[in-house]
Every structure is written in structure tokens, then in C-alpha cells.
Amino acid sequence: MFEGESVQVPVGPQHPALKEPTSFMLTLQGEKILQIAVRLGYNHRGIEKACEERTYVQGIYLIERICGICSHSHATCFVQAVEEIVGIQAPPRAQYIRTIVAELERIHSHLLWLGVAGHEVGFDTLLMYSWRDREIVMDLLALLTGNRVNYGINTFGGVRRDISPEQKADIFTRLNALEERTKYYVSVATQETTLINRLRNVGVLSPADAVRMGAVGPTARASSVDRDIRRDDPYLAYGEIPFKVITADCNDVYGRTLVRVGELMESYKMIRHALEHLPDGPIAVKAPRKVPAGEALGRYEAPRGEDVHYVRGNGTEKPDRVKVRAPTLANVQAVAKMLEDRYLADLPIVVAAIDPCFSCTDRLTEVRRADGPSSVLHWEQLRQYGIEWHRRHGIDFSKLNNSFRCPEDH
Amino acid sequence: MSLVKRVVLWARQKSPWVLHFNTGACNACDIEIIAALTPRYDLERFGVQLKGTPRHADVLLCSGPVTHQIKDRLVRIYEQMAEPKFVVAIGTCACSGGVFQGCYNVESGIDQVLPVAAYIPGCPASPAAILDGVVKLLASLDPANAPKAEEAPKAEDPAVPA
């Protein structure tokens, strides 16, 4: 290729690097990435609309299937929002059980990520090791909830299954085994020079960029952005369970590995603490079938970052509107930044490092009225429209910096 | 059966290369497929290998109810595979649309778009079920086995480590 000439390479939607369909249009100059455009939407199934056609109880099981990896996150977030509208609160024992399942889910998600990250850098032994160990936590989830994935443990006003003393003992034994293995992964992550050299200074995201791009979860925490909903806005039993928010100042993929491995160790401690202090009492209170008019916002620190659910009730059995903002949508902006001027070979690990979940993210839709006048808004116009809408509602966004630009349309 | 046919059948049964394609699934079946390939369940002991391109694959593992966005891509990937090719629908959504039935952006299952050789239900299909389905599919390739497919070798129950 001649100097200065650029070439466009499409990657996806079916590609060996990630298990989910997503498409990247890369503009390359030699091995260097000049520009990257992400195309989402292959997994869009229309869940938000489907929620409006189903009752709230059916909605829990539908919402749970937004994502098979962080299913408890979505279900809990939704349930919390609805409980807020109704004005009921799950009893303390239920809150603790939800917390235990949430942390088990974080363990399974982070172990899964560790394996995928190993696979992306050609360290398949790590994939096989961590997925073998992940089966221990999958067994625990199956033991507690009856299913390996999509646990179905939440209901309005509490949980559907209690934890028996025998199960408790079982969790302690298996957690010890997991903790032993995780210590080994910590030593791999901090001592294995091949892995460290492959991950250092790859996918760099400065703290300022992380804030500006709105990164969440481990992606933000690896860039020294100390942000964790579990501590900042405690929900479930997190207000009563002591834990450390793990951050790293490496700003790269290596930092994201350290944060996730560190969070694994914290999760073991949190589950032990929660089990030891598991309050007695009922596991659920009765919830009405009809939800009064009102709106609520649920926030939840999913394994990938902050998950937000907005629910609006209208006094019937079915919600008026459900809106989901999954953590990957917040992080995917940062990926384009991380890959600018980087090598093509870094693409798989940098994309994998935010732990993307496109089935969570694909919520966007374009509505075109066949009968009415249609209009196409450009990014600037849309932004202006948003600023004016908020100004009419008493919020002034015009002073925010102007640097958020979407890639030029082709 | 001629010797050549027997050798071809033997080769086909002993090394089915699979391609995994997410057709709009929630990830649950996808991670269970990977779990089936990793040490606890170890689908690779049957010669199954996960491949990156449809041109190398004999079996297409689909998970998900087929969104409208993915439909054309799914057909295109299927057309790129070499004959003989088999499609396995993994999970309830892939079999029938499941919980997403009636959503405005999905078809109801893989068989609306492609001929399906094996259905593996479950939400998500557990790795043990995926193992069982794949082994049954392989056994059914042998014409001698076809009428009594239920006697196909069962996948052994994976032992839980102490």
C-alpha cells in the first residue's frame, strides 16, 4: 500500500472475536486505525415495547432476558423501580438474598470476562482455566435459584426462594475453593510477564476522557474514576455490607484486568459477610397486581457498570413505558477513543476489555410515521433540540463542552 | 455402504466443525455453548471444534429468535457453508421465538428462515443438553441409526467436582 492511502475494512456482524453480532467499519492506514464506526442494533428485539404489552410480573422474566450474563442486574433494577412506584419494600432477608445472588453473578461475569480476555490475547489456557472454575459459581447459582442463567429469583416485594442452612454451608465451602483459584489468577495477572506486556498501554483511556465519555463500571474505575453505585447510592443490602471500591490508575486494559480480579476478591468477602449476617424473617411481602400512576428510576451497579431502568406506571397491570440504559451503551463511546491511532491487532482485546454486551445495548430504534411528515435531524440539530427541550423544563445544558461529536455521516 | 461412503461418514461424525452465530439471543445460550466447549463439559472430545468462518464449518449453532437485522446475514452465512451442512437451533427462542414471540423485530425461530436439523430447547439450553443434542445429531447422520435415534449414545452426566 502507498504511504498515506487509507482503506476501509468492515468487521462483522459475524466475526470470530466476539460472540455477539456487532459491526465495525474501520478506516485503516497500514496497520493503524484512523477511524472506527460502531454499528449496533443486530440484537434489537423490541423488549421495551414488549414490556408495555405484558403485565409487570411477565415483565420481570422478559427483562431478565435482556442479557443472559447480567440477568439478575436487569431484573433487580426493574423490580426496584416498580417497588418504588408502588411504595413497598422487600423485607431485609430478601434484600440480602438479592445481594448474594448479585455478587455471585458478578463473580461469574468477571470469571467469564477473564477467560474471554485471555482468549483474545491468545492465552487460551486462561480461558479454559477460568471457565472451569466458573462452573463452581454456576453450580452455586443453580443451587440457590434453580437455574444456571436467568435465575428468576426476583419478584415484586421480595424473592421466590429462601436460602437453607445446608445451602449456606455449601456456599462457604465452594467460595473457599473459588477464592483459592482467584488468588492464582491474581498472581497470573501481576506476575505473568507475557500477559502484562500484552495488556500494558493498550486501549488507553485517560481519567479526563473516561469522565467526558461517561464511562461506567470497571472501565471507569481502571482510569481512576472512583465511581460505584453500590457505595454512592446504596441499594439492596449494600449500605450494611463493608466493601472496598477497587480502582486502578493504569488507564489501560491491564488496569481493567486488575480491577475485575480485585472485585472478585471483594465479592467473596461480601457474600461471606451477607451470609453471616443474614437477617431472619419473611422473604417477600405481598405486592399489588396493579401499579399506580407514577415514575421511578432504578440504578444498579451491574458487573459492567451502572445499569439504569426507567419505569412509568399508569394505574393498570401493564407499564406505560420502560426504558433501559445498559452499561455497554455508556462504555461503547470510549472504545472508539481507545482505538484511535492504535493497531488493528489491538481491536479484539480493547473491545473485549469493556466487557461489551450488545444484547443489553441494542435498545435503539428508528420510528418513521408513514402518514405524517418525516424529518431527519443531524447530530447538531438533535443536540440543539435536546438543549432547548431541557431549557424549557428549567435545565440549562448549553454550557457543557461541545466536544461530543458523532462520526461524520457517510 | 461402500467403503468410501463409510470412510466419509466416519470422518464426518468424528470431526464436526461448528460455527456459532448469535441471531439475536440474550447471550445466555451463547455462554452455555462456550461452557459446553470448555473443560467441565468438553464438547471437543467428540471432535467438535469451534471455527471462526462459515467456510470451515459443518454445523451452524444458532441461538436467538432471529431479529430482522440479522435475518439476511444469517442466510448469507448459511449460504457460505459447504455442503452437507446442518443447522442446530439452541434455546427456546431459536426453536420457537420463546419469550420474544410477538416482538415487532423478531421472527419466531430459526426454522422460519433456515432448515433446522436439531432443536435443543431450554432457557438457556444447559451445556449438558447441548452435548446431548450434538451427539444425537451426529448419530443421526448414520443411515443405520436414523430410525432409532432415541438409542443414540447419551452424553454422560458431567461429574460435579468435589
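**Helix packing, sheet, core and chain contact in a predicted two-chain model**

Helices α2 and α3 of chain A are roughly antiparallel to each other, because the angle between them, about 150°, lies over the 145 degrees that this description requires. The model is a predicted one, and the points below take up this helix pair, the three-stranded sheet across which α3(A) lies, the largest nonpolar core and the contact between chain A and chain B.

**The helix pair α2(A) and α3(A)**

- The axes of α2(A), which covers residues 56-64, and α3(A) are 8 Å apart where the two helices pack, and their crossing is right-handed.
- On the α2(A) side the residues that meet the partner helix are A:Tyr56, A:Gly59, A:Ile60, A:Ile63 and A:Glu64, while α3(A) contributes A:Ser71, A:His74, A:Ala75, A:Phe78, A:Val79 and A:Val82.

**The sheet β6-β7-β8 of chain A and its helices**

- The sheet is open and antiparallel, with its three strands in the order β6-β7-β8; β6 (294-302) and β8 (321-325) of chain A stand at the edges, each with a single partner strand, so one side of each has no neighbour in the sheet.
- Neighbouring strands of this sheet are turned against each other by 10° on average, when direction is ignored.
- Nine bridges join β6(A) to β7(A), residues 305-313, in the antiparallel sense, and A:Leu297 stands opposite A:Tyr310 of β7(A).
- Helix α3(A), residues 71-86, lies across β6 and β7 of chain A and runs at about 150° to β6(A), whereas helix α12(A), residues 327-339, packs on the sheet by touching β6, β7 and β8 of chain A, its direction making about 135° with that of β7(A).

**The largest nonpolar core**

- This core holds 151 residues, of which A:Val350, B:Cys62, B:Val88 and B:Ile90 touch the most other members; its largest share, 14 residues, comes from helix α4 of chain A, residues 92-120.
- Once neighbours within four places in sequence are left aside, B:Cys62 is in contact with B:Phe21, B:Thr23, B:Val87, B:Val88, B:Ala89, B:Ile90, B:Ala94 and B:Ile110, and two of these partners, B:Val88 and B:Ile90, are themselves among the core residues that touch the most other members.

**The contact between the chains**

- Chain B gives 33 residues to the contact and chain A gives 32 residues.
- On the side of chain B that touches chain A, β1 (17-22), α2 (28-37) and α3 (68-80) of chain B each supply at least two residues, and α2(B) gives the most, with six residues.

Notes. Residues numbered from 1 in each chain as written. Chains lettered and ligands numbered in written order. Predicted model: local features only at pLDDT ≥ 70, side-chain atom pairs only at ≥ 80, totals over all residues. Pairing = 2+ DSSP bridges. Helix = DSSP H or I, 4+ residues; strand = E, 2+ residues; numbered from the N terminus. Axes fitted to C-alpha atoms, helices over the stretch in contact; angles between N-to-C directions. Contact = placed C-beta atoms within 7 Å. Core = buried A, V, L, I, M, F, W, Y, C linked by C-beta atoms within 7 Å. Buried ≥ 20, exposed ≤ 12 C-beta atoms within 10 Å, placed from the backbone. Parallel < 35°, antiparallel > 145°, perpendicular 65-115°, else oblique. Left-handed = near helix turned anticlockwise from the far one by under 90°.
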